[in-house]
Amino acid sequence: MHGTDGFFRGECNRWAKCSILTPAVSKNRNQLVRLHPSCTTSKSQTCSPSRNPGSPALFGMDAEALAARMVEAGEPAWRGSQLAKAFYRQYITELSEITTLPKLLRQRLAAEGWQVGRPQITQVFHSADGTERYLVQCQNAQASTETVETVWMPEGDDGETGDSSDADSPKSSSAPDLDTESRKPTSNAEGDLPRRRWHATLCISSQVGCAVNCQFCLTAKLGLQRNLTAGEIAGQVLAVFDRHAIEVGRDRVNLVFMGMGEPFLNYDNFMGAVRLLVREVGLSPQRMTVSTSGIVPGIERFAAEPPEFRPKLAISLNAPNDAIRSEIMPINRKWPIAAVVDAVRQVRLRPRERITFEYVLLGGVTDRPEHAAEVARLVRRSGLPAKVNLIAWNPGPGIDYSTPQSEAVEAFRSTLIDADIPAYLRKPRGRDIYAACGQLKRTVEG
Ligand code: SF4
């Protein structure tokens, strides 16, 4: 698949998870009912979708493509900018509500079968720690039951610590200083009604399922079902921004492409989503991090992206050497650690930017003192400005691995720090709603 030699296909019978989120494909038809904004109090909610999945969607096109569409319809090109503003800045999801367009044009577009077609949140799970896990139904869903997962962490998970995410912190008068002490929404400076200012992290999926077959990830059990389109990837962001009334430039939301799927095996759509989020939504690529299992051709393409559209890069390392990595991440047999590191060296980092090595600690398998020393040597030998994010594996049903002891986690981190390698322990988020790393395949339980 995806131009590879078929290495992945058919091997996918174990599990694991990208660093943060619990992927899900819902099979329960009863869940798929529309979520209303006011339905936010219960632990999980269901609603029914109102859109027609068979109609062509305008969402996902950039202003230029929308302008071309308008010209085809006999309208001036600048109508495209009006549509883009409605979709990507005002979060409008119904053509009838775009009041900048003449009513007759709205009616004509609808009569021709066009719709906004933005992905919709169909179910929400609330964690006691504030994390929300969403099932999102996409515009091109092959079945009414097909969803992907997106996770909102209102106080982040410290995954971006130490990687230059603060480099572009908004400090202008239009974007007041953030309350970085509490990292919680704060009141505005004018003393008006309290206004929320978020400092959150949003984890996004890039595929339905995944073909990479990491042995500790539940998504692998699903295999690859299909690639998400650029609109479906960016649409997860807009659906959540809409839910939380995010004001870009004022609220601070970091995006991590670490959900369901391998972004670099859906490269064009992943980068299409990034461009849409940068150009049309106004997000900074320095607030985005993409994590890859080590798809070397994808890393090489990524290295050639212009800095204005290039997110930060995280490598899902997870093992101290090729022997262990090939066992838990079979992709390593195709692209071993040295090849991945060579490709990463081609990325021209911004000032203060670091490469992140994600490292899931599996008890007794990858968490031993000798493993920590080996990781320290590996990172130092790479010569890359890098940091390591440690993630203690969470137990899950049917999984043979075990959670590392907290002493082992701390000793691992100390070894890295003693070797002058920045190392951070990612906070587990949303364990009680199966949103934390490794707590997978529990889609409908909350
Ligand atoms: S690359 Fe795929 S299989 Fe590996 S951790 Fe990410 S989602 Fe799971």
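**Exercise 1. Work out how helix 5 and helix 6 pack in this predicted model: at what angle, and how far apart are their axes?**

Step 1. Start with what you need: two packed helices are described by the angle between their axes and the distance between the axes.

Step 2. Read off the pair. Helix 5 and helix 6 pack at an angle of about 45 degrees, and their axes are 7 Å apart.

Step 3. Now put a word to that angle. Angles under 35 degrees count as roughly parallel, while 65 to 115 is roughly perpendicular. Helix 5 and helix 6 fit neither label, so they're oblique to each other.

Step 4. Add the handedness: the crossing of helix 5 past helix 6 is right-handed.

**Exercise 2. Find which residues of helix 5 meet which residues of helix 6, and sort them by class.**

Step 1. On the helix 5 side, look for Ala230, Ile233, Ala234 and Val237.

Step 2. Across from them, helix 6 brings Asn269, Phe270, Gly272, Ala273, Leu276 and Leu277.

Step 3. Sort them, and this contact comes out with eight nonpolar residues, two polar ones and no charged ones.

**Exercise 3. Is helix 2 mostly covered or mostly open, and what does the covering?**

Step 1. Go along residues 79-88. Arg79, Gly80, Gln82, Leu83, Ala84, Ala86, Phe87 and Tyr88 are buried.

Step 2. That's eight of ten residues, and helix 2 is mostly covered.

Step 3. Look at the neighbours: the cover over those buried residues includes helix 1 (63-72), helix 5 (230-243) and helix 6 (267-281).

Step 4. Zoom out for context. Across the protein's 446 residues, 52% are buried.

How values were computed. Residues are numbered from 1 along each chain as its sequence is written. This is a predicted model: local features need pLDDT of at least 70, side-chain atom pairs count only at pLDDT 80 or more; totals for chains, interfaces and linings use all residues. A residue is buried if 20 or more other C-beta atoms lie within 10 Å of its own, exposed if 12 or fewer, and partly exposed in between; C-beta atoms are placed from the backbone. Helices (H or I, at least four residues) and strands (E, at least two) are DSSP runs, numbered from the N terminus. Two residues are in contact if their C-beta atoms, placed from the backbone, lie within 7 Å. Axes are lines fitted to C-alpha atoms, for helices over the stretch in contact, and angles run from 0 to 180 degrees between N-to-C directions. Angles under 35 degrees count as roughly parallel, over 145 as roughly antiparallel, 65 to 115 as roughly perpendicular and the rest as oblique. A crossing is left-handed if the near helix is turned anticlockwise from the far one by less than a right angle, and right-handed if clockwise. Ala, Val, Leu, Ile, Met, Phe, Trp, Tyr, Cys and Pro count as nonpolar, Asp, Glu, Lys and Arg as charged, and the others, Gly among them, as polar.
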